[in-house]
Amino acid sequence: MLSLTRKMTKTGTGLRAAATFAAAASLTLALSGCTKLETTSPSSVRGAAGPQARAAEFGTVDCRRTKCIALTFDAGPSENSARLLDILKEKQVPATFFLLGKRHIDTYPELVRRMADEGHEVASHTWTHKILTDAEPEEIREELERPNKEIERLTGKRPTLMRPPQGRTDDTVHEICRELGLAEVLWSVTAKDYKTNDSDLITERVLDQSSRDGIILLHDIYDGTVPAVPGIIDALKERGYAFVTVPQLLAPGKAEPGKVYR
């Protein structure tokens, strides 16, 4: 994944954006003339906190000693989210929700409250899913501040995490996130569930890519995703994984505003 500058030619920007989207699963492309995006791993954050620091806990999980993985869901809430929350509650699994504003937060406010009440991390995925690297600074601020205000109004807690649409970010986005107290969270596992409603295929893709400290990207807005979640959880638990939110994955360290985590 690349840090796109605002000094590229229009043609160069289009080529790089296309290449970036095609490589979203790995986030490792490096095209000529661009700077590779610097990201920080969960283990690095935990290590920087020092050996005596106490981890934030969900139950008794300490990801310095336990093989942890984080489920994250983008672009909700939706008509599928209530069923997803039922599954997570039944399985006793916390998740991190990167929520969209328009037609989502404003349509399902009761689900936003429920996510927070049931111990999940509620974060931002912008208001309209605008590609932030194509936006002017004031547009970026609006895209980030509006969902923050609504989430805080509904849950009493202001988000500290955001996920840029398509994972596309740059130095301008970093700086505005720093101003707004937001850290950027990407992913290391993707099922590309936006391309298929085959729940078995979604499950297979997640299991094939999962490893310790993984951050799994799913979208509960698509019909094939939520039915895949029970099987994903059961299979990863059998492999010895403990499910945590993104902040719990980083604990006892904390995400810093303006930095990018993956």
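# Why these labels fit

Me: Where is Asp 62 found in the chain?

Reply: Look in the loop that runs between helix 2 (42-48) and strand 3 (68-74). Helices (H or I, at least four residues) and strands (E, at least two) are DSSP runs, numbered from the N terminus. Please keep in mind that this is a predicted model, in which local features need pLDDT of at least 70, side-chain atom pairs count only at pLDDT 80 or more, and totals for chains, interfaces and linings use all residues. Residues are numbered from 1 along each chain as its sequence is written, and side-chain values use heavy atoms, with hydrogens and water left out.

Me: Why is Asp 62 called buried?

Reply: Its relative accessibility is 13%. Buried means under 20% relative accessible area, exposed over 50%, and partly exposed in between (1.4 Å probe, protein chains only). Since 13% is under 20%, Asp 62 counts as buried.

Me: What makes the pairing of Asp 62 with Arg 65 a polar contact?

Reply: The side chains of Asp 62 and Arg 65 come to 2.5 Å. A polar contact is a pair of N or O atoms within 3.5 Å; within protein, one must be able to donate a hydrogen and the other to accept it, and residues adjacent in sequence count only if both atoms are side-chain atoms. The value of 2.5 Å is within that limit, so the label fits. Asp 62 also has a side-chain polar contact with Arg 64, at 2.8 Å.

Me: How do you know that the contact of Thr 107 with Asp 106 counts, although the two are neighbours?

Reply: It joins side chain to side chain at 3.2 Å, so it meets the condition for adjacent residues. Thr 107 lies in the loop between helix 4 (101-105) and helix 5 (109-117).

Me: Is Thr 107 called buried, partly exposed or exposed, and why?

Reply: Partly exposed, because its relative accessibility of 42% falls between the two cut-offs. Its C-alpha atom is 8.3 Å from that of Pro 77, 30 residues away along the chain.

Me: What is special about the peptide bond that leads into Pro 77?

Reply: The bond joining Gly 76 and Pro 77 is cis, with omega about -5 degrees. Pro 77 lies in the loop between strand 3 and helix 3. Another cis bond joins Ala 251 and Pro 252, with omega about 10 degrees. Pro 252 is in the loop between helix 10 (246-250) and strand 11 (260-261).

Me: What makes Thr 126 worth pointing out?

Reply: Thr 126 has a positive phi of about 80 degrees although it is not a glycine. Most residues other than glycine have a negative phi, and most peptide bonds are trans. Thr 126 is in the loop between strand 5 (121-124) and helix 6, and it counts as buried because its relative accessibility is 0%. Lys 192 also has a positive phi, near 50 degrees, but at 25% relative accessibility it counts as partly exposed.

Me: Why are helix 6 and helix 7 called oblique?

Reply: The axes of helix 6 (residues 137-155) and helix 7 (residues 171-180) come within 10 Å and cross at roughly 50 degrees. That makes helix 6 oblique to helix 7, because angles under 35 degrees count as roughly parallel, over 145 as roughly antiparallel, 65 to 115 as roughly perpendicular and the rest as oblique. Axes are lines fitted to C-alpha atoms, for helices over the stretch in contact, and angles run from 0 to 180 degrees between N-to-C directions.

Me: Which residues of helix 6 and helix 7 meet?

Reply: From helix 6 they include Ile 140 and Leu 144, and from helix 7 Val 173 and Ile 176. They divide into seven nonpolar, one polar and three charged. Contact means heavy atoms within 4.5 Å.

Me: What makes helix 8 and helix 9 oblique too?

Reply: Their axes come within 8 Å and cross at roughly 40 degrees, which is in neither the parallel, the perpendicular nor the antiparallel range, so they are oblique to each other. Among the contact residues are Ile 202 and Val 206 of helix 8 and Ala 228 and Ile 232 of helix 9. The contact divides into eight nonpolar, four polar and no charged.

Me: How much of the chain counts as buried?

Reply: Buried residues make up 54% of the 262 residues, in a chain with ten helices and eleven strands.

Terms used: Nonpolar A, V, L, I, M, F, W, Y, C, P; charged D, E, K, R; others polar.
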